[in-house]
Amino acid sequence: MFKIGDLIVYGGTGVCRVADIRAQDIPGLDRNRLYYILRPLYQDCTISIPADNPKVFMRPVISRAEAEALIDQIPSIQSETFNSHVTRELADYYEAGLKSHDCADLVKLTKSIYAKRRKAQACNKKLGAIDERYMKRAEEMLFGELAAVLEIPREQVVDYIARRIGDAPAN
């Protein structure tokens, strides 16, 4: 069970702070059931979710040491580009990467889409809309968690990574 003040990754929402843990006084709900009251760090809303809900993914954010180790490994993480002319197959592939909620998987996903973008640009083409959409989602999840644990603004994550691995920004 999480504690008030903990930072957690919640489903596709990303990083949230546990603002409260309490029973909900709403007609029709079990008044003995505890709920997490979550405040997403990068959205202006509040989420109320049963603390014992097994259907929605929740985990603690990685530690600062884990974040820095992951960043150090980025150059050696191998990306696998996935190409398909079938939109559903492409979306399913990317969705599986997002649903793992694993930071290393998010790095692989973003690196593979960056590689596709570079290849498309070399041919004077644009990256596909599905690729763009999933790259944005993967970056939001990854950069949001890294920003939270490194205690920097999300907009500074790319520069932080570039400085740490001694490389230019990946965009």
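The exercises below, each with a worked solution, concern a predicted model of one protein chain.

**Exercise 1. Fold outline**

Task: State how many helices and strands the protein chain has, and in what order the elements run.

Solution.
- Step 1. Count the elements: the secondary structure of the protein chain amounts to five helices and five strands.
- Step 2. Read from the N terminus: the order of elements is β-β-β-β-β-α-α-α-α-α.
- Step 3. Take the extent along the principal axes: the C-alpha atoms fill a box of roughly 60 × 35 × 25 Å.
- Step 4. Take the burial: 42% of the 171 residues of the protein chain count as buried.

**Exercise 2. Helix α4**

Task: Check the end-to-end distance of α4 against its expected span, and describe how α4 is covered and what follows it.

Solution.
- Step 1. The expected span is 1.5 Å times one less than the number of residues, so the 22 residues of α4 should span 32 Å.
- Step 2. The end C-alpha atoms of α4 are 31 Å apart in the model, in agreement with that expectation.
- Step 3. For covering, 16 of the 22 residues of α4 are buried, so the helix is mostly covered.
- Step 4. After α4 comes Glu151, with a positive phi near 55 degrees.

**Exercise 3. Positive phi values**

Task: For His101 and Glu151, give the phi value, the location and the exposure class.

Solution.
- Step 1. As background, most residues other than glycine have a negative phi.
- Step 2. His101 is not a glycine, yet its phi is positive, about 60 degrees. His101 sits in the loop between α2 (87-99) and α3 (103-122).
- Step 3. The relative accessibility of His101 is 10%. Buried means under 20%, so His101 counts as buried.
- Step 4. Glu151, also a residue other than glycine, has a positive phi near 55 degrees. The loop between α4 and α5 (157-165) holds Glu151.
- Step 5. The relative accessible area of Glu151 is 70%. The cut-off for exposed is over 50%, so Glu151 is exposed.

**Exercise 4. The largest cavity**

Task: Give the volume of the largest cavity, its lining residues and their division by character.

Solution.
- Step 1. The count of cavities of 30 Å³ or more comes to one.
- Step 2. The largest cavity has a volume of about 50 Å³.
- Step 3. Its lining consists of Val9, Gly14, Val15, Arg59, His101, Leu106, Met141 and Glu145.
- Step 4. By character, these lining residues divide into four nonpolar, two polar and two charged.
- Step 5. By element, β2 (14-23) and α4 (129-150) each contribute at least two residues to the lining.
- Step 6. Link to Exercise 3: His101, one of the lining residues, is the loop residue with a positive phi of about 60 degrees.

**Exercise 5. Cysteines**

Task: Determine how many disulfides the structure contains, and examine Cys16 and Cys103.

Solution.
- Step 1. The search of the whole structure gives zero disulfides.
- Step 2. Cys16 is in no disulfide, and its nearest cysteine sulfur, that of Cys45, lies 7.2 Å away. A disulfide needs sulfur atoms within 2.5 Å.
- Step 3. Cys103 is likewise in no disulfide; the nearest cysteine sulfur to it belongs to Cys16, at 14 Å.
- Step 4. Cys16 is buried at a relative accessible area of 0%, and Cys103 is buried at 6%.

**Exercise 6. Salt bridges**

Task: State the number of salt bridges, then place the pairs Asp20 and Arg22, Glu68 and Arg64, and Arg137 and Glu95.

Solution.
- Step 1. The total is ten salt bridges.
- Step 2. Asp20 and Arg22 form a salt bridge in which the closest N and O atoms are 2.9 Å apart. Asp20 is partly exposed at 23% relative accessibility, and Arg22 is partly exposed at 38%.
- Step 3. Glu68 and Arg64 are joined by a salt bridge of 3.2 Å, N to O. The two are four residues apart in helix α1 (residues 64-73), so about one helical turn separates them. Glu68 counts as buried at 19%, whereas Arg64 is partly exposed at 37%.
- Step 4. Arg137 and Glu95 meet in a salt bridge, also given as 3.2 Å, N to O. Arg137 belongs to helix α4 and Glu95 to helix α2, so this pair ties together parts 42 residues apart in sequence. Arg137 is partly exposed at 30%, and Glu95 is buried at 17%.

Technical notes:
Residues are numbered from 1 along each chain as its sequence is written. This is a predicted model: local features need pLDDT of at least 70, side-chain atom pairs count only at pLDDT 80 or more; totals for chains, interfaces and linings use all residues. Side-chain values use heavy atoms; hydrogens and water are left out. On a 1 Å grid over the protein atoms alone, a cavity is a set of points where a 1.4 Å probe fits but cannot get out, and a pocket is an open set with protein on both sides within 12 Å along at least five of seven lines; lining residues have an atom within 4 Å of a point. Grid points are joined across faces, edges and corners, and a volume is the space filled by probe spheres set on the points. Ala, Val, Leu, Ile, Met, Phe, Trp, Tyr, Cys and Pro count as nonpolar, Asp, Glu, Lys and Arg as charged, and the others, Gly among them, as polar. Buried means under 20% relative accessible area, exposed over 50%, partly exposed in between (1.4 Å probe, protein chains only). A salt bridge is a side-chain nitrogen of Lys or Arg within 4 Å of a carboxyl oxygen of Asp or Glu.
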